[in-house]
Amino acid sequence: MSGCPEELVRSFPDRLHGGKVNLKELLPSELEAFVRLLGESPYRARQLVRWLYVRRAGSFAEMTDLSRAFRQVLEEVAALPTLHLASPEESLQDTTKFLFTLPDGNPIESVRMRYLEHLGPGRLAVCLSSQVGCAMGCEFCASGKSGLLRNLQAWEMVDQVLAIQRLVDPRGERVANVVFMGIGEPLHNFRNLLRAIRILNHGDGLGIGMRHIAISTSGVVPAIRRLAEKRLPLKLAVSLHATRDDLRDRLMPVNRRWKIQELLAACRDYQAATGRRMTFEYVMLEGVNDSLEEADRLVELLGGIRSLVNLIPWNPVDHPFFRRSSKSRVQAFQDRVQQGGLRCTVRREKGSDIDAACGQLRLREIHRHADGSPRTEVPLAPGAGG
Ligand code: SF4
């Protein structure tokens, strides 16, 4: 081998795992630089991409079209970490949840969302986590309660897709749609998020189109602007949940920093830069934000933005202030928004499926009985931010 570990460490200082270069952290162009440092041709990088993301190899030994000598070198200098599936798939009517353990022992969740699967038969939509915990502290969200533990690395986001893909392979299904709406505020983990998206998108690997990747944010304005500058056709969903700053300040502390008008100005600029329709998530809380006046104000606020409003019925929870809006109130709100000229949908609710939105599986895991069986009454909150 012409490269040496020290040289590799110097070349990829932020991409190490256990002192070795984590190949799953590398962009395909970086994989090319990596194999060059090992004295191999760039073609080897393409082979590695296929082994990592198409064949989803779990070890170098499986990479049988690489020479034995090269595989031996890879064993010495490179790492292929994987997420550990901590619980079997938990299938509900409209979602399937996956709980993973990270190498440091922290749990994260991913969710297959059937109600987003309108891409054709066998094409799956999955919701990924981007952080362990979340710093945003939204009033209605369990993930925000424990604070942020750490950002996920890019490979820890991509590996959620690989692990799910491995599970559904036998059924001939393919992950074709990715939503960053699990635990965490993805725009708080901007660099790793972008790296993960580029890896997911690369044509030699998973090939998930940018237009099929969505980011859900609580409204981190500078990051929305930074994302707009990239001019990537990524879908952006913003958790709005209120039309007045005083209320949004209480529901979502992020609003104390960036007010609604500032957020919407960034959304307008994002749309101008990317051409993508915006989605605004709006959790329906009885007597809090579900009046027809709120609906009218929402229409007014979103004027000039090509948008979809997605109403999220609140799930019954033990919360001192919040109760679910009645079906008739949700319907009236939807009608009013539609009359105002905006597209407006109601997120389908199938019992506790709704908890798939934001970090709730982890909460459920924490609330399991000692014998491992899930509790029936767990405070499930439809967070819909990061
Ligand atoms: S709703 Fe999203 S952004 Fe808000 S605390 Fe929960 S995970 Fe974080």
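Author: Helices here are DSSP runs of H or I with at least four residues, numbered from the N terminus. Keep in mind that this is a predicted model.

Reader: Okay, let's start with that. In which helix does arginine 297 lie?
Author: Arginine 297 has a C-alpha atom 6.4 Å from that of threonine 243, although the two are 54 residues apart along the chain. As for its own element, arginine 297 lies in helix α11.

Reader: And is arginine 297 buried, partly exposed or exposed?
Author: Buried stops under 20% relative accessible area and exposed begins over 50%. Arginine 297 comes out at 30% relative accessibility, so the label is partly exposed.

Reader: Which residues are joined with Arg244 into one network by salt bridges that share partners?
Author: Start from arginine 244, which forms a salt bridge with aspartate 246, with 3.0 Å between the closest N and O atoms. The side chain of arginine 244 also meets glutamate 294 in a salt bridge, at 2.7 Å from N to O. Shared partners like that tie Arg244 into one network with Asp246, Glu294 and Arg297.

Reader: How many residues apart are arginine 244 and glutamate 294?
Author: Arginine 244 sits in the loop between β13 (235-239) and α8 (245-251). Glutamate 294 belongs to helix α11 (residues 292-301), and this pair links distant parts of the chain. Their separation is 50 residues.

Reader: Is glutamate 294 buried or exposed?
Author: Its partner arginine 244 is partly exposed at 28%, and aspartate 246 is partly exposed too, at 49%. The cut-off for the label is under 20%. Glutamate 294 has just 3% relative accessibility, so it counts as buried.

Reader: Zooming out, how many salt bridges does the structure hold?
Author: Opposite charges on side chains can pair when the charged atoms come close. For this structure, the salt bridge total is 20.

Reader: Which residue does aspartate 104 meet in a salt bridge?
Author: Aspartate 104 sits in the loop between β6 (95-101) and β7 (107-113), and its partner is in strand β10 (residues 148-151), 46 residues apart. Aspartate 104 is partly exposed at 44%. The gap between the paired side chains is 2.6 Å, N to O, and the partner is arginine 150.

Reader: What is the relative accessible area of arginine 150?
Author: Anything under 20% would be called buried. Arginine 150 is labelled partly exposed, so its value can't be below that cut-off: it is 21%.

Reader: How many of the 15 residues of α5 are buried?
Author: Helix α5 (residues 154-168) reaches 22 Å from its first C-alpha to its last, close to the 21 Å expected. The helix is largely enclosed by the rest of the structure, because its count of buried residues is 13.

Reader: Where's the positive charge on the surface: which residues gather in a patch?
Author: Two helices, α6 (190-201) and α7 (221-230), each supply at least two residues of the positive patch. One of the members is arginine 226, placed in helix α7 and partly exposed at 38%. The whole patch is Arg191, Arg198, Arg226 and Lys230.

Reader: I always check backbones. What is phi of arginine 56 near?
Author: Arginine 56 is in the loop between α3 (42-54) and α4 (68-77), and at 12% relative accessibility it counts as buried. Its phi is positive in a residue other than glycine, near 55 degrees.

Reader: Is arginine 231 buried or exposed?
Author: Arginine 231 also has a positive phi near 55 degrees, and it lies in the loop between α7 and β13. The label exposed needs over 50%. Arginine 231 has 58% relative accessibility, so it counts as exposed.

Reader: What distance separates the C-alpha atoms of methionine 278 and serine 307?
Author: Methionine 278 lies in strand β14 (residues 278-284) and is buried, with a relative accessible area of 0%. Serine 307 is 29 residues from methionine 278 along the chain, yet their C-alpha separation is 4.6 Å.

Reader: Last one: from which residue is the C-alpha atom of serine 130 separated by 5.4 Å?
Author: Serine 130 lies in the loop between β8 (123-127) and β9 (131-133). With a relative accessible area of 1%, serine 130 is buried. The residue at that distance is 54 residues apart from serine 130 along the chain, and it is glycine 184.

Technical notes. Residues are numbered from 1 along each chain as its sequence is written. This is a predicted model: local features need pLDDT of at least 70, side-chain atom pairs count only at pLDDT 80 or more; totals for chains, interfaces and linings use all residues. Side-chain values use heavy atoms; hydrogens and water are left out. A salt bridge is a side-chain nitrogen of Lys or Arg within 4 Å of a carboxyl oxygen of Asp or Glu. Buried means under 20% relative accessible area, exposed over 50%, partly exposed in between (1.4 Å probe, protein chains only). The expected span of a helix is 1.5 Å times one less than its number of residues. Patches are made of residues with over 30% relative accessible area and no salt bridge: like charges are joined within 9 Å, nonpolar side chains (Val, Leu, Ile, Met, Phe, Trp, Tyr) within 5 Å. Accessible areas come from the Shrake-Rupley method with a 1.4 Å probe; for residues, only the protein chains shown count as cover. Lys and Arg count as positive and Asp and Glu as negative; His and the chain ends are not counted. The place of a charge is taken as NZ of Lys, CZ of Arg, CG of Asp or CD of Glu.
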